[in-house]
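Ready for a few exercises? Have a look at the model first, then try each task before reading its solution.

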Amino acid sequence: MEAEQIEIAGFLSQYPPFNTLPEHTVNHIATQVEISYYRAGADIYRFGDEIHDLCVIRSGAVEIYRRNGDLYNRLSEGDLFGQLGLLMNNKVRLPARTLEDSLIYFIPEALFTELCDQFDEFAYFVEMDDNSLRQAVSSKQENNDLMVSKVTTLISREPVTIDASASIRQAAQKMAEEAVSSLLILHQDAESADEDEPLLAGILTDRDLRIRVVAPGINLDQPVTEVMTSGPITLDDDAYVFEAMLTMLRFNLHHLPVMDGKRPIGVIATSDIVRYESQSSLYMVSTILRQQSVEELVQLSKQVNSCFVRMVNEDANSHMIGSALSVIGRSFKQRLLELAEEKLGAPPVPYCFLALGSMARDEQLIITDQDNALILDNRYDPKLHGQYFEELAQFVSDGLDACGYTYCTGEIMATNPQWRKTRREWEVCFADWIDNPDPEALLNCSIFFDLDGVWGRIDWAKQLNTFIVRRSSMSPRFLACLARNSLSRTPPLGFFKGFVMEKDGQHRNSINLKRRGTAPLADLIRVHALAVGSTARNSFERLDDVIDAGILPQDRGTDLRDALEFISMVRIRHQALDVEAGGEPDNNIEPDNVSDFERRNLKEAFLVLSNAQRFLKFRYPYTRK
């Protein structure tokens, strides 16, 4: 290479995603780069221009604009731009203009496409983490589409499939013929041979072929079932685009089959949701998982509030906001656990790190502490393994606290030896709480009955949740005690339906929307959900199961959903306003400071809660043992 090309290669190798590529690949890119110089204030691209290059800033600064002329991002040395246009029909969606004299590297589209095809980390970076997009990519209407559009709107063709009896070679040939990056594997279930439609057995992707076939030199005449991903994660066809986005983020998926019942109707890829993405959550999650230290995570955590405010301003509903912030919170935990294992070494026995409470329910907001616990393998021996898991729990809890997820004042954390139990011990513990529901047990149930596996053997969390639901649903006495306990927090309505305010303390003459609204709603929905055997964790999803079970009076389920959404959104908007004003967000509102519309509808929502609590007492009558 020439001296100038060596310098280009050295520069690129310092910045993502080029720093993930082999040296010879970076050297090849350097030989293909074209260089242009722009004076300050010059337009690099206008909206609607054709674009056929990936742009890298060698020096200077570039401002990126919305199509309406509003500034929404500023880039500097090493940053990329233009990838969105390359992924979306070669049309510039976000105009670029130099802020100061700038030198730009242009990488040809053909090479960009080749890099995306050959290197997963490169493709993931440009598809899911466009560095030029630090705020939402879409306009307000486009972001609304994210929340109201069904995932089926992303499906452009029927899925390409092959029978499970096919060989690896036949599967690869079909993928090449159909020009697809994924193939669904179908089989006929012997127990349902009378069904017309075969069932989904697995999925095969380009990545699988590279890693599971080409790299180890597998015989291509072996059955495709030997190298496919069995039992792939899927999404129902009535799900929304944002649910697809969060599923792909949470499980690090590049391909997601969409199902109509048991029948696959399509496969969506990460590139299919680029124009629908909520940049805030995508950017946060993908960036969290790349941080190399606790200190870097702490710096990144400062952006969570801004991410929250953007979603609120884009009219996201409470389910989407709660889900996105819960995914972000899980990602901090996951990366901290990775860092902990790098520091402490591999765990001596398998484990599952649990998220509890609002994070497990996908209802987390920006005011939160950390509730977590550990499930340990039954072979766990405190004398042999105790120190490792004590240090791991301390590392994670300290890291979470530094990232804004404060220590739980009630010590519901894995740092507390009481909440580090083996699988067998957890089952005994939950069985005792259910069979002997004293006040302390009921308090624990309100926290631990919302659990989700974050890291390690997450299937253990699902199994434990199934155990809890099965045992609870068969214990009328426990359900009655849990229902009675959930009535301790009542809505803030007086005898004549006026608001009842906090009488003292820092928040005097205000209403705590969590303690007097969303929390008691979540509590009573949990009771009904356990009664009908629902394994869902999110309150809205639990409510769907409760409504389907038909145990509520007519229209009461819809009323509860509306009440939960309205109170949640008043609480969320209040917190967003606090953040924007530079204040400390809280859960309290002063009725005199909300609009007549909100005040009127809050009373109606609290009345729905009050009626629902009365029905709870009727549905699960308490009798002394």
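Start at the residue just after helix 13: Gly 345 has a positive phi, near 95°. Keep in mind that this is a predicted model.

**Exercise 1.** Describe helix 13, from its cap to its surroundings.

*Solution.*
- Begin at the N-terminal end, which Asn 317 caps: one of its side-chain oxygens lies 3.2 Å from the backbone nitrogen of His 319.
- Next, follow the helix through residues 318-344. From first C-alpha to last, its 27 residues reach 38 Å, close to the 39 Å expected at 1.5 Å a residue.
- Finally, look at burial, where buried means under 20% relative accessible area. Of the 27 residues, 22 are buried, so helix 13 is largely enclosed by the rest of the structure.

**Exercise 2.** Work out the order of the open sheet of 4 strands, and find what packs on it.

*Solution.*
- The order is 9-10-11-12, and the pairing is mixed.
- At the edges are strand 9 (161-163) and strand 12 (229-230), each pairing on one side only.
- Strand 9 runs parallel to strand 10 (residues 182-187), joined by 3 bridges.
- Helix 8 (residues 206-214) packs on this sheet, touching strand 11 (199-205) and strand 12. The directions of helix 8 and strand 11 make about 70°.

**Exercise 3.** Do likewise for the open sheet of 3 strands.

*Solution.*
- Here the order is 13-14-15, with mixed pairing.
- Strand 13 (235-236) and strand 15 (263-269) are the edge strands.
- Strand 13 pairs with strand 14 (residues 255-260) in the parallel sense over 2 bridges; Asp 236 has Met 259 of strand 14 as its bridge partner.
- Helix 9 (residues 241-250) packs on this sheet and touches strand 13, strand 14 and strand 15.

Technical notes:
Residues numbered from 1 in each chain as written. Predicted model: local features only at pLDDT ≥ 70, side-chain atom pairs only at ≥ 80, totals over all residues. Heavy atoms only, no water. Expected span 1.5 Å × (residues − 1). Buried < 20%, exposed > 50% of the residue type's maximum accessible area, 1.4 Å probe, protein only. Polar contact = N/O pair within 3.5 Å; in protein donor to acceptor, adjacent residues only side chain to side chain. Pairing = 2+ DSSP bridges. Contact = heavy atoms within 4.5 Å. Axes fitted to C-alpha atoms, helices over the stretch in contact; angles between N-to-C directions.
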